[in-house]
Amino acid sequence: MIDDFLAENATNTENAAGAGSIGQVAVVEEAVRAAVAAEIMPRHRKLAADDIIEKSGPHDLVTSADREAEKNLTAALTRILPGSVVVGEEAVHADPAVYGALSGDAPVWIVDPVDGTRQFVRGEAGFCTLVALAHQGELIASWTYAPVLQQMAVAVRGRGATLNGKPLRSGSPEPGAVLKVAMSHPDFTTEEQKRALLGLRTEGIDARACGSAGLEYLAVARGDLDALAFNWEFAWDHAAGLLLVAESGGSHATLSGAKFRLAGDNDLPFAVGRNEATVARVRAALLGDAS
């Protein structure tokens with residue numbers, strides 16, 4: 001089933017531009033654009049008080065746009081790939097057992113309908129919709145769509161990544177340059193993870209709090225940001241971005257040095273960077289060995 005999905009994108013693979021413009025990958029892109037146009041953008045800057053609900057607290061919000069867009073995408077994506085299932089942020093909030101599909105045999109669509117909900121609620125541009133396709137723990141393709149910014153990033157395993165149809169390359173930081181790193185806020189974590197994240201407050205690293213995870217991953221894939229450090233592992237926040245960065249030439253590693261597992265149980269925080277050397281520098285700082 002996955003091979004059939006990718007086979008429809010097997011032509012014109014000399015460069016990454018083909019990956020986002022043909023076959024089923026393009027069909028998914030159109031489904032993402034359609035869901036955003038129907039459910040998210042009509043509510044941007046027009047949310048009523050009862051459109052916004054706190055989940056676990058004031059920093060964990062859900063809106064009517066999140067819920068309706070996820071419903072829209074769930075119907076569209078499972079129609080595109082029969083036999084597939086969806087792990088969406090809002091579906092998991094309603095029923096945590098849904099997350100177990102990441103360990104199953106069926107192809108899985110991993111969906112974050114509005115990544116950067118706080119920014120969306122404030123009427124800002126810094127939010128996006130994230131969709132990734134995975135099978136048995138391996139990422140196959142991903143879509144990162146920032147509608148206000150008019151950016152659509154697409155990645156296909158082994159075939160590269162594009163932004164608005166143009167190939168993406170993360171490149172490498174200049175030798176000796178201070179690394180620009182976006183990280184989880186240390187206050188929203190365990191004491192052990194907080195100590196690790198505070199290791200980024202060191203010479204040679206300029207760390208700041210992250211915004212929309214999807215847009216931070218895109219910044220790394222574009223080479224505008226050197227690295228990321230995250231202490232949470234919800235697959236909908238990371239799946240699309242991890243493949244986007246990897247197909248742009250970047251890398252990642254958990255604190256133990258292992259690769260990130262979509263199903264969870266990762267050694268956190270984990271680092272993402274423009275290249276392996278950058279990941280190694282950030283991981284060393286997280287481990288308290290930035291010398």
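Here are some numbered notes on the fold, the cores and a few residues of this predicted model.

1. **The sheet.** A good place to start is the open sheet of five strands, which runs in the order S11-S10-S12-S14-S13 with mixed pairing. Its edges are strand S11 (205-209) and strand S13 (251-254), each of which pairs on one side only. On average, and with direction ignored, neighbouring strands of this sheet are turned by 20° against each other.

2. **The S13 edge.** If you zoom in on this edge, S13 and strand S14 (residues 270-273) are joined by four bridges and pair in the antiparallel sense. Within this pairing, Ser251 stands opposite Gly273 in S14. As general background, strands of a sheet pair through backbone hydrogen bonds, either parallel or antiparallel.

3. **A helix on the sheet.** Helix H9 (residues 276-286) packs on this sheet, where it touches strand S10 (179-183), S11, strand S12 (227-230), S13 and S14. The direction of H9 makes about 150° with that of S14.

4. **His252.** This one may be worth a look in your viewer: which strand holds His252? His252 has its place in strand S13, and with a relative accessible area of 15% it is buried, because the cut-off for buried is under 20%. Leaving aside residues up to four places away in sequence, His252 touches Leu242, Lys259, Phe260, Ala271, Val272 and Val279. A polar atom of the His252 side chain lies 3.0 Å from the backbone nitrogen of Phe260. His252 and Asn275 are 23 residues apart in sequence, and their C-alpha atoms are 8.3 Å apart in space.

5. **The loop between S13 and S14.** Two backbone details sit here. Pro269 belongs to the loop between S13 and S14, and the peptide bond leading to it from Leu268 is cis, with omega near 0°. Asp265 has its place in the loop between S13 and S14, and its phi is near 65°, a positive value in a residue other than glycine. Asp265 has a relative accessible area of 64%, so it is exposed, the cut-off being over 50%.

6. **Gln150.** Another positive phi in a residue other than glycine belongs to Gln150, with a value near 60°. Gln150 lies in the loop between strand S6 (138-146) and strand S7 (151-156). Is Gln150 buried or exposed? At 63% relative accessibility, Gln150 counts as exposed.

7. **The H7 and H8 pair.** Helix H7 (residues 213-222) packs against H8 at an angle of about 5°, and their axes are 9 Å apart. Angles under 35 degrees count as roughly parallel, so H7 and H8 are roughly parallel to each other. On the H7 side, the contact is made by Ala213, Tyr217, Leu218, Val220 and Ala221. H8 contributes Asp237, His238, Gly241, Leu242, Leu244 and Val245 to the contact.

8. **How enclosed is H7?** Nine of the 10 residues of H7 are buried, so this helix is largely enclosed by the rest of the structure. Besides nonpolar residues such as Leu215 and Tyr217, the buried residues of H7 include Glu216. Just after H7, Gly223 takes a positive phi of about 85°.

9. **The largest nonpolar core.** This core has 42 residues, of which Ile110, Leu139, Tyr217, Leu228, Leu244 and Phe270 touch the most other members. Helix H8 (residues 235-247) gives the most to this core, with eight residues. Apart from it lies another core, of 29 residues, among them Ala65, Trp109, Val131 and Val154. In soluble globular proteins, nonpolar side chains tend to be buried together.

10. **Ile110 close up.** Not counting residues up to four places away in sequence, what does Ile110 touch? Its contacts are Val87, Leu102, Leu130, Val131, Ala132, Ala134, Ala235, Trp236, Ala239 and Leu262.

11. **Thr117.** Finally, Thr117 lies in helix H5 (residues 117-121). Thr117 has 10% relative accessibility, so it counts as buried. The side chain of Thr117 makes a polar contact of 3.2 Å with the side chain of Asp66.

Technical notes:
Residues are numbered from 1 along each chain as its sequence is written. This is a predicted model: local features need pLDDT of at least 70, side-chain atom pairs count only at pLDDT 80 or more; totals for chains, interfaces and linings use all residues. Side-chain values use heavy atoms; hydrogens and water are left out. Two strands pair if DSSP finds at least two bridges between them. Axes are lines fitted to C-alpha atoms, for helices over the stretch in contact, and angles run from 0 to 180 degrees between N-to-C directions. Contact means heavy atoms within 4.5 Å. A nonpolar core is a set of buried Ala, Val, Leu, Ile, Met, Phe, Trp, Tyr and Cys residues joined through side-chain atoms within 4.5 Å. Buried means under 20% relative accessible area, exposed over 50%, partly exposed in between (1.4 Å probe, protein chains only). A polar contact is a pair of N or O atoms within 3.5 Å; within protein, one must be able to donate a hydrogen and the other to accept it, and residues adjacent in sequence count only if both atoms are side-chain atoms. Angles under 35 degrees count as roughly parallel, over 145 as roughly antiparallel, 65 to 115 as roughly perpendicular and the rest as oblique.
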